[in-house]
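Me: I have a chain open on my screen and would like to go through it slowly. Could you walk me through what can be read from it?

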Amino acid sequence: MPVQETLGKDNYLFINATSHFILNVNPGNYFRHSNFISAVFVAAYVFIFVLGFVGNVFVVGVVLRIRQMRTVTNYFIVNLAIADMLVILFCIPATLTSNLVTPWILGLFLCKAVAYLQGVSVCASVNTLVSISVDRFLAICFPMRCQITSRGCRVIITAIWLFSFTITLPWTVYFKLLLIGRTEDNDQLYVCREIWPTERMGVIYFIVANLVLCYLFPLTIILLCYIFIWRTVWRRQMPGEGVHNNGMIHRSKIKVIKMLFIVVLVFMGSWLPLYAIFTRIKVGEPYQENSMEEFIIQVSSPIAQWLGASNSCMNPVLYAFFNNKFRAGFRTVLFPRKPCFENAGNIRMFSLRNQTVGTSARTRRASSLQKDNGKTNAI
């Protein structure tokens, strides 16, 4: 459907996985790509939508259904799963639509709502990761002094969502529909665009609210927490063979720390390309039309969008890969008649009891042999 009126080169479409992303609008064509490229986009986004939604539902179900999983850390993980589901529900369909067609076809309400909820969910995700890191830092570095209680966990989660809902409020005001032209049937075509009173205001808001408060500052706190955690763990003396149970608990904590650290690294790496591209466009000098830089940004932008959105489906996979309890919990949710989680715990306890009994039997046999030897020598 050809468009009779066109935009200048400085007009862009601003909807994506971080609630505002730049893609060059080409109003000469209603669809952005060929049928093959569009099919690739659909397959890629449907894959992460299904995997992410199902995986995060399982994470929530495991923690809520299995009593042993109801810990402070796992409550934070549930909150992260809820934030990831918001990204999946509100980010992926809108991002896919904006990558398939040039105009915004979802109306003014969804233009504002999608951008706002995308920002809320991403902000809630990163701040939940901060809370998890602080919780692990206190548990490992100050185990006897300061711990986050269940009540404190609820307060922190409430504060995370209040902060996330507040800091992204400007998007409900400054995301607007911009007329880009009309079709041959006289239908109006719009793009959903972030329009500030001045360009400087938009740049300042992006740097302070998005880049610093929702990415750089949280990740700095997270990295500092894990640096102190690793320092404490490596300095701590490993338990000996006489306290085998404590050794198992210690190794289990190390596995949890590794899992959470990988989750943070995946989050940082998934969103880094998107933030880097948008920072270049927002803060840097305008690039020349038809330049190599423009070509690189246009090619890498959809990939960066997909990578950022795919982070929401990676966390359940990481939990299943690194954490035995989550794996057992997933099996319990999938097969309710088979208490996999309880069996796994019973097997571990049975193994410990067998080891204890075996050790005691060996000790008794050694004592008996010593007595017999003493009697033989006496004779």
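Reply: What follows is a talk through this chain, which is a predicted model.

Me: Okay, let's begin broadly. How many helices and strands are there?

Reply: The protein chain has eleven helices and four strands.

Me: And how much of the chain counts as buried?

Reply: Of its 379 residues, 45% count as buried. The accessible surface of the protein chain comes to about 20,200 Å², and 65% of that surface belongs to carbon and sulfur atoms.

Me: What about contacts between residues that are far along the chain from each other?

Reply: If you take the contacts in the protein chain with a separation of 6 or more, 77% of them are between residues 24 or more positions apart.

Me: Which helix could I look at for burial?

Reply: Helix H3, residues 92–100, is one to look at, because eight of its nine residues are buried and it is therefore largely enclosed by the rest of the structure. The buried ones are Ile92, Ala94, Thr95, Leu96, Thr97, Ser98, Asn99 and Leu100.

Me: Switching to cysteines now. How many disulfides does a search of the whole structure find?

Reply: The search finds one disulfide, and the two residues it joins are Cys111 and Cys192, with 1.8 Å from S to S.

Me: Which parts of the chain does that pair tie together?

Reply: Cys111 belongs to helix H4, residues 107–141, while Cys192 belongs to strand S4, residues 188–194, so the disulfide ties together parts that are 81 residues apart in sequence.

Me: Remind me, what kind of bond is a disulfide?

Reply: In general, a disulfide is a covalent bond between the sulfur atoms of two cysteines.

Me: And why is this one called right-handed?

Reply: The torsion about the S-S bond of Cys111 and Cys192 is about 80°, and that is why this disulfide is right-handed.

Me: Are those two cysteines buried or exposed?

Reply: Cys111 counts as buried because its relative accessibility is 0%, and Cys192 is buried as well, since its relative accessible area is 0%.

Me: Then why is Cys225 not bonded to Cys141?

Reply: The sulfur of Cys225 has its closest cysteine sulfur in Cys141, but that one is 8.3 Å away, which is too far for a bond. Cys225 is itself buried, with a relative accessible area of 8%. Another cysteine, Cys153, is buried too, with a relative accessible area of 2%.

Me: Let me go back to helix H4. What does the side chain of Ser121 reach?

Reply: Ser121 is found in helix H4, and its side chain reaches the backbone oxygen of Gln118 at 2.9 Å.

Me: Is Ser121 buried or exposed, and which residues is it in contact with?

Reply: Ser121 counts as buried because its relative accessibility is 1%. Leaving aside its neighbours within four places in sequence, Ser121 is in contact with Ala83, Leu86 and Val87.

Me: And Phe109, buried or exposed?

Reply: Phe109, whose place is also in helix H4, is exposed, because its relative accessible area is 67% and the cut-off for exposed is over 50%. From C-alpha to C-alpha, Phe109 and Lys176 are 9.3 Å apart in space, although they are 67 residues apart in sequence.

Me: What about charges, how many salt bridges does the structure hold?

Reply: The structure holds one salt bridge, which Asp135 forms with Arg136, and the closest N and O atoms of the two are 3.2 Å apart. Asp135 is buried, and Arg136 is buried as well.

Me: Now the outside. Which residues make the nonpolar surface patch?

Reply: The patch, of about 700 Å², is made by Phe163, Ile204, Ile207, Val208, Val212, Leu213, Leu216, Phe217 and Val283.

Me: Which helix gives the most to it?

Reply: Helix H7, residues 199–235, gives the most to the nonpolar patch, with seven residues.

Me: And where does Val283 lie?

Reply: Val283 lies in helix H8, residues 244–283, and Val283 is partly exposed, with a relative accessible area of 45%.

Me: One last residue in that helix: is Leu272 buried or partly exposed?

Reply: Leu272, which lies in helix H8, counts as partly exposed because its relative accessibility is 45%. Leu272 and Ala304 are 32 residues apart in sequence, and their C-alpha atoms are 8.4 Å apart in space.

Conventions
Residues are numbered from 1 along each chain as its sequence is written. This is a predicted model: local features need pLDDT of at least 70, side-chain atom pairs count only at pLDDT 80 or more; totals for chains, interfaces and linings use all residues. Side-chain values use heavy atoms; hydrogens and water are left out. A disulfide is a pair of cysteine sulfur atoms within 2.5 Å. Helices (H or I, at least four residues) and strands (E, at least two) are DSSP runs, numbered from the N terminus. Buried means under 20% relative accessible area, exposed over 50%, partly exposed in between (1.4 Å probe, protein chains only). Patches are made of residues with over 30% relative accessible area and no salt bridge: like charges are joined within 9 Å, nonpolar side chains (Val, Leu, Ile, Met, Phe, Trp, Tyr) within 5 Å. Accessible areas come from the Shrake-Rupley method with a 1.4 Å probe; for residues, only the protein chains shown count as cover. A salt bridge is a side-chain nitrogen of Lys or Arg within 4 Å of a carboxyl oxygen of Asp or Glu. A polar contact is a pair of N or O atoms within 3.5 Å; within protein, one must be able to donate a hydrogen and the other to accept it, and residues adjacent in sequence count only if both atoms are side-chain atoms. Contact means heavy atoms within 4.5 Å.
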